[in-house]
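This briefing sets out the main structural features of a single protein chain for a reader at the bench. Please consult the sequence and the structure shown below while reading.

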Amino acid sequence: MFQYFITIFNNKVKEENATQNELVIRAFGAFAAPCRSFMKQQDVLFMLTVVMQKAEDKFFRSEQFAHFILH
């Protein structure tokens, strides 16, 4: 059951819909607590890695980063 939702969240976070990504990241965060209780540490670490990769990607593509680099 948990793996199903992890797969869904993972696929959704890879999409480029900015509004949806924020919701999916929040859902991933809320979902992490029960996963931590019932799943392996590796699974929760995978979830964290997915979210961190997406956050890093969004940061490096942002105008703020471009402004920081150019000035």
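Is Glu15 buried, partly exposed or exposed? In this predicted model, Glu15 counts as partly exposed, because its relative accessibility is 34%. The chain that holds this residue contains 4 helices and 0 strands, and its elements follow the order α-α-α-α along the sequence. The points below begin with the chain as a whole and return to Glu15 at the end.

**Overall architecture**

- The chain has 71 residues, of which 23% are buried.
- Its accessible surface amounts to about 5700 Å², and carbon and sulfur atoms account for 62% of that area.
- Of the contacts between residues at least 6 apart in sequence, 53% link residues that are at least 24 apart.

**Nonpolar core**

- The largest nonpolar core comprises 12 residues: Ile6, Phe9, Val13, Val24, Phe28, Phe31, Cys35, Met39, Val44, Met47, Val50 and Val51.
- At least two residues of this core come from each of α1 (2-13), α2 (18-38) and α3 (41-61).
- In soluble globular proteins, nonpolar side chains tend to be buried together.
- One of the core residues, Val50, touches Asn10, Val13 and Phe28 when residues up to four places away in sequence are not counted.

**Helix α1**

- The 12 residues of α1 should span 16 Å at 1.5 Å a residue, and the end C-alpha atoms are indeed 16 Å apart.
- Ile6, Phe9, Asn10 and Val13 are the buried residues of α1.
- These buried residues cover an arc of only 100° around the axis, so they lie on the same side of α1.
- Asn10 belongs to helix α1 and counts as buried, because its relative accessibility is 11%, under the 20% cut-off.
- Beyond residues up to four places away in sequence, Asn10 touches Phe28, Phe46 and Val50.

**Helix α3**

- α3 consists of 21 residues and reaches 30 Å from its first C-alpha to its last, close to the 30 Å expected at 1.5 Å a residue.
- Val44, Met47, Val50, Val51 and Lys54 are the buried residues of α3.
- Viewed down the axis of α3, these buried residues fall within an arc of 120°, and they therefore line one face of the helix.
- Gln41, Gln42, Leu45 and Met52 are exposed on the other side of α3.

**Aromatic pairs**

- The whole structure contains 4 aromatic pairs.
- Tyr4 and Phe5 form an edge-to-face pair, with 5.2 Å from centre to centre and 75° between the planes.
- Within that pair, Tyr4 is exposed, with a relative accessible area of 52%, whereas Phe5 is partly exposed, with a relative accessible area of 31%.
- Phe9 and Phe31 also form an edge-to-face pair, with 5.5 Å from centre to centre and 75° between the planes.
- Because Phe9 lies in helix α1 and Phe31 in helix α2, this pair ties together parts that are 22 residues apart in sequence.
- Phe9 is buried, with a relative accessible area of 15%, and Phe31 likewise counts as buried, at 14% relative accessibility.
- Tyr4, Phe5, Phe9 and Phe31 together make up one aromatic cluster.

**Glu15 and Lys54**

- Glu15 is located in the loop between α1 and α2, while Lys54 is placed in helix α3.
- The two residues, Glu15 and Lys54, are 39 residues apart in sequence, and their C-alpha atoms are 10.0 Å apart in space.
- Apart from neighbours within four places in sequence, Glu15 is in contact with Gln20, Asn21 and Lys54.
- Which residues does Lys54 touch, not counting those up to four places away in sequence? They are Val13, Lys14, Glu15, Glu16, Asn21 and Ile25.
- Why does Lys54 count as buried? Its relative accessibility is 7%, and buried means under 20%.
- Glu15, by comparison, counts as partly exposed at 34% relative accessibility, because that category lies between the 20% and 50% cut-offs.

Definitions and conventions: Residues are numbered from 1 along each chain as its sequence is written. This is a predicted model: local features need pLDDT of at least 70, side-chain atom pairs count only at pLDDT 80 or more; totals for chains, interfaces and linings use all residues. Side-chain values use heavy atoms; hydrogens and water are left out. A nonpolar core is a set of buried Ala, Val, Leu, Ile, Met, Phe, Trp, Tyr and Cys residues joined through side-chain atoms within 4.5 Å. Buried means under 20% relative accessible area, exposed over 50%, partly exposed in between (1.4 Å probe, protein chains only). Contact means heavy atoms within 4.5 Å. Accessible areas come from the Shrake-Rupley method with a 1.4 Å probe; for residues, only the protein chains shown count as cover. Rings of Phe, Tyr and Trp (its six-membered ring) pair if their centres lie within 6.5 Å; planes under 30 degrees apart count as stacked, over 60 as edge-to-face and the rest as tilted. The expected span of a helix is 1.5 Å times one less than its number of residues. The arc is that of the directions from the helix axis to the C-beta atoms.
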